[in-house]
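Colleague: Before we begin, may I ask you to explain the terms as we go along?
Modeller: Certainly; here is the structure.

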Amino acid sequence: MTATMLGGPATQARPAPPEPTRSIVGLVSKALLLGLTVAIAIWAAFPLIENEQWTGLAVLAATTAALLYLYLTPRHIPLKYLAPGTILLILFQVFPVLYTASTAFTNFGDGHRGSKDEAVVAIQTASVTQVPGSQQYAMTVATTGDPGTGPLVFLVTDPVTRQVSAGDADGLKALDDVTVNAAGRVTAAAGYTVLNAGQASLRSAEITALAVPTPGGAIRSSGLSRAYEGRAGRAYDESCDCVRDTTTGQTWTADENIGAFVGANGERLAQGWKVTVGFSNFTRVLTDSAVAGPFVRTLIWNFGFAIASTGGTFVLGLLLAMALHSPRVRGRTAYRVLLVLPYAMPSFAMLLVWRDMFNTDFGLINNLFGTDVDWFGGSASARLAVILVQLWLGYPYMFLVATGALQAIPRELSEASRIDGASAWGGFRRITLPLLMVALTPLLISSFAFNFNNFNAIYLTTEGAPFPADNPANGATDLLITYTYRIAFGGGGAQYGYAAAISIFIFLIVAVVSAISFRRTRHLEEVHA
Amino acid sequence: MRWIQQVGWRHLVGVLVLAFAMVPIVFVFSAALNPLGTLSSSELVPTGASFGNFSRLFADTGFGGWFLNSIVIASVSSAASVFISALAAYAFSRRRFRGRRVGLLSVLLIQMFPQFLAIVAIFLIFSTVTDLWPAIGFNTSSGLILLYLGGALGVNTWLMKGFFDTLPRELDESATVDGASHAQVFFRILLPLVAPILAVTALLAFIGTINEFLIANVFLTDAGSKTLPVGLYGLVAGERNANFGMFCAGTLLTAIPTVLVFQLLQRYITDGLTAGAVKG
């Protein structure tokens, strides 16, 4: 009423003052998305509760609550846009990377995977032998999963008490709900699938290897239906913090610095544990001559490869773009469509095809040129070959980019320089190229960073070959990344800690090179802007 | 003579590079059509025309399944990653907030760590995930897509931010004055304008994902869940000579979706690649 009196007739009212309005579609989709988030959180919570993962549950609840708050409050607008990507980034990149980086300060790897207690158990169970008077059990092999692949369990029956227990690498556990036949063997047990003779004999190697730790030693199989409890030949002695051989009396003392039991003669037991080793992985890269030599050689070739690949593709792509950048060239569209085809082919497959084209005996290249070169046999030819392959894979991208950049340069500029009497080459060098570089330098830097760590380019072609006779771990075409991969996952035993240290070096090198180049780019842009 | 100087050399360069570009592709064609299907009998010029390799590929291997898995994984993860990246690029370009510079730099820095060396950590993480939530664990497309999306904020965010920067700020300011919320500014006004760069990043992400081999190889071990790279690599890992024809047939078929996406997005491509690059 008051409003009408003061403001006059309602028909003359001005439209509502501009305040952020919400569309119906926006509101509905927001409600749906938030509802979906809560639904996913509830779905994810059940397994966590079932497995009593309280920390995980707390993190889940906190994240969900934070998300709800973030999208319901009108504040923190930038965060609304950054949250989805950031959460995924933290979960699947930052967290694994930090974890890997932290292993660089440990001796994590084959023989150094678990804790000291686990190492002691492993040493004791590995040394178990059958001695006169060992307890004998009737045994049935079972699994908690698929008969072909599931984790194995020994169901053993105590001959005296008739008590049935299930044993795996973690130890023995008494079972109640079982069916036992006259001979004392288990024929069925709740929660376990009993393997029949055929299934068990297929996995006999695993059955022989399985040792169930017990206080005095371990239970091992003898055949597929009997087991014995053997005595450990080596036992841990807390008073001297050492492992003692019960028959010879030899001792191996724990060395907390290297995470292993070391004997008086310097002999180490194979089963060690994971310890923090400080910077020794890093100093090993720099000082150990057996490591530092290959490292420096690989680093130099790595730079050569990245520069040659980036520079080569750039020069070829630019030359091509220049050549086709003229309305007088007929069939330009056809040229362009065909020339970018290598970019559309799946690169992993084409790398394998190139590998076979370089094959000495029936490769296409030797066939075409009538030569008989063992391309991947010599350092120089192998290096030339991988760079050539990279040139083929990479030039179409540079061609596309350079074509676009050329089209963006105003034609008047080059015409003006021609009128001023500059030659075609002079005009290109003084006018076109600097302008192109402003646009293309950031792409060249990221191309360099990509090629510096171009794992597939080597792993799918030469696999690092040729290898020198004295060092089968480091080949002539190895990049740091393939070299590291071989150390981490290769046949010579995994050394994750050491590999992580090298990957931190790689990271630092690429980051420094990129940072310097980006600084120089900004400089360029200021000059030409 | 003048023609040679002005136009002739252009054709010369074009034809030479074209020969270099086409030789491996023609070779793959011939090998795929080669009735014998072995590497040693494959020549540059087709020695016969038979679709035996193609039919063997579908009959004897799980190629159809690999193909479908790859398309699903590459489409979903590239679409999602472009969207996530665009959201972040908008915040970095249009909003001023604390930690903006640090955020931009760390996005770039994290990408420089060779991620697949974190594969041990990824393996351990997903072993736990598989126990708790099998639906996103090993051998599932959804788990692999999530893992790939971890890299959604990256170089592409920079590329897009550069493109957003080129759009005049007056656009969003006038829309805000007219009463549009920040979400409306983003979805209704800016997103349609950055379509070229969305196309480019989508293409780059698609090509990157459909070619990804290393992580997929660790992640997908089940025969039914394999992607094209994992499956095709398995074809020539053991039987390099005998399966070469099938492998080449598979390679050609793998190229089809990429070429289609490329054609679909082509009118944006050159535009987007350079415009984004100028401001990198």
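Colleague: Why is strand E10 (residues 217-222) of chain A called mostly covered?
Modeller: A residue is buried if 20 or more other C-beta atoms, placed from the backbone, lie within 10 Å of its own, exposed if 12 or fewer, and partly exposed in between. Five of the six residues of E10(A) are buried, so the strand is mostly covered. Please note that this is a predicted model, in which local features need pLDDT of at least 70 and side-chain atom pairs count only at pLDDT 80 or more, while totals for chains, interfaces and linings use all residues. Residues are numbered from 1 along each chain as its sequence is written, and chains are lettered from A and ligands numbered from 1 in the order in which they are written.

Colleague: What makes E10(A) a strand, and how do you know that E9(A) pairs with E10(A)?
Modeller: Strands (E, at least two residues) and helices (H or I, at least four) are DSSP runs, numbered from the N terminus. Two strands pair if DSSP finds at least two bridges between them. Strand E9 (residues 212-214) of chain A is joined to E10(A) by three bridges, so the two pair, and they run antiparallel. Here A:Val212 stands opposite A:Ile219. With two residues between them, E9(A) and E10(A) form a hairpin.

Colleague: How do you know that E10(A) also pairs with strand E11 (residues 226-232) of chain A?
Modeller: Six bridges link E10(A) and E11(A) in the antiparallel sense, and the requirement is therefore met. A:Ser222 has A:Arg226 of E11(A) as its bridge partner. These strands form a hairpin with three residues between them, and A:Gly223 in the turn has a positive phi of about 80 degrees.

Colleague: What makes residues of chain A and chain B count as in contact?
Modeller: Their C-beta atoms, placed from the backbone, must lie within 7 Å. The contact takes 84 residues from chain A and 78 residues from chain B. On the side of chain B, helix H1 (residues 2-33) gives the largest share, 15 residues.

Colleague: Why are some residues on that side of chain B called nonpolar?
Modeller: Ala, Val, Leu, Ile, Met, Phe, Trp, Tyr, Cys and Pro count as nonpolar, Asp, Glu, Lys and Arg as charged, and the others, Gly among them, as polar. By these classes, the side of chain B that touches chain A has 55 nonpolar, 19 polar and four charged residues.

Conventions. Contact = placed C-beta atoms within 7 Å.
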